[in-house]
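Hi,

Here is the structure you asked about, with the sequence alongside. Have a look at it first, then read on for my notes.

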Amino acid sequence: NSLIARDDLAHMVAASAGFNEATGVRKFQDVPSTHPFYAWIQRMANRGLIGGYPCGGAGEPCVAPDNLPYYRPNANATRGQIAKIVANGAGFNDTPSGQTFEDVSPANAFYAYVQRLTRPDRAIMGGYNCGGPNEPCGAGNKPYFRWQNNATRGQVAKIVANTFFPGCNQ
């Protein structure tokens, strides 16, 4: 029931995808080579599947000479971030169309990734029925994805399993 952190997410996805190449040059100021998930985070970053936040923000000084970005490994991952990282890790790059969720319009930064994971033929992630608090039903009674919400480790384990090991039901 613990919330998933960004480092755990990178580890789950990279390991499930079978990424095992060399780690290369350090990508993030706050992920030293001694970090338990350093290799997995590096592999995802080397493939361009995850990114960080520019140095210079509060508590994230730029450290010369590289001025590396920060990954924020202990920060909770949102459902939008989870959709992006999982879809990227799985290599899903189809062009989505339409709008499945009331709160994820084509203008949303996570739109393509959410649409890719929620396609009916994949059904890796789902949404929540409209009509709840602050989630009114629009003209099409579209569900809400709640892209800004956090998710638990268990929920993400199911998402990752559905993505990388479809049909593997216990």
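Below is what I found, going from a pair of helices to the pockets and then to one methionine.

Before anything else, keep in mind that this is a predicted model.

**The H3/H4 pair**

Start with helix H3, residues 79-90, and helix H4, residues 111-118, which pack with their axes 8 Å apart and at an angle of about 65 degrees. Angles of 65 to 115 degrees count as roughly perpendicular, so that is what H3 is relative to H4. Their crossing is left-handed. On the H3 side, the contact is made by Ala 83, Lys 84, Val 86, Ala 87 and Asn 88, while H4 brings Tyr 113, Val 114 and Leu 117. Sorted by class, that contact between H3 and H4 has 6 nonpolar residues, 1 polar and 1 charged.

**The two largest pockets**

Which residues line the largest pocket? Going along the chain, they are Arg 79, then the run Ala 123, Ile 124, Met 125, Gly 126, Gly 127 and Tyr 128, and finally Ala 151, Gln 155, Lys 158, Ile 159 and Asn 162. The volume of this pocket is about 190 Å³. Helix H5 (residues 153-164) supplies the largest share of its lining, 4 residues. As for chemistry, the lining of the largest pocket splits into 6 nonpolar, 4 polar and 2 charged residues.

The second largest pocket comes in at about 160 Å³. Its lining takes in Arg 6, the run Leu 49, Ile 50, Gly 51, Gly 52 and Tyr 53, and also Tyr 71, Gln 81, Lys 84, Ile 85 and Phe 110. Here H3 gives the most, with 3 residues. Lys 84 is worth finding on your screen: it lines this second pocket and is also part of the H3 contact with H4. By class, the second largest pocket is lined by 6 nonpolar, 3 polar and 2 charged residues.

**Met 12**

Last, a look at a single side chain's surroundings. Met 12 sits in helix H1, which covers residues 6-17. What does Met 12 touch, leaving aside its neighbours within four places in sequence? The answer is Ile 4, Arg 153, Val 156, Ala 157 and Val 160. For a sense of distance, take Asn 134, which is 122 residues from Met 12 along the chain: the C-alpha atoms of the two are separated by 32 Å.

That's the lot from me. Shout if you'd like to go through any of it together.

Cheers

Methods: Residues numbered from 1 in each chain as written. Predicted model: local features only at pLDDT ≥ 70, side-chain atom pairs only at ≥ 80, totals over all residues. Heavy atoms only, no water. Axes fitted to C-alpha atoms, helices over the stretch in contact; angles between N-to-C directions. Helix = DSSP H or I, 4+ residues; strand = E, 2+ residues; numbered from the N terminus. Parallel < 35°, antiparallel > 145°, perpendicular 65-115°, else oblique. Left-handed = near helix turned anticlockwise from the far one by under 90°. Contact = heavy atoms within 4.5 Å. Nonpolar A, V, L, I, M, F, W, Y, C, P; charged D, E, K, R; others polar. 1 Å grid on protein atoms, 1.4 Å probe; cavity = no way out; pocket = protein on both sides within 12 Å on 5 of 7 lines; lining within 4 Å. Points joined across faces, edges and corners; volume = space filled by probe spheres on them.
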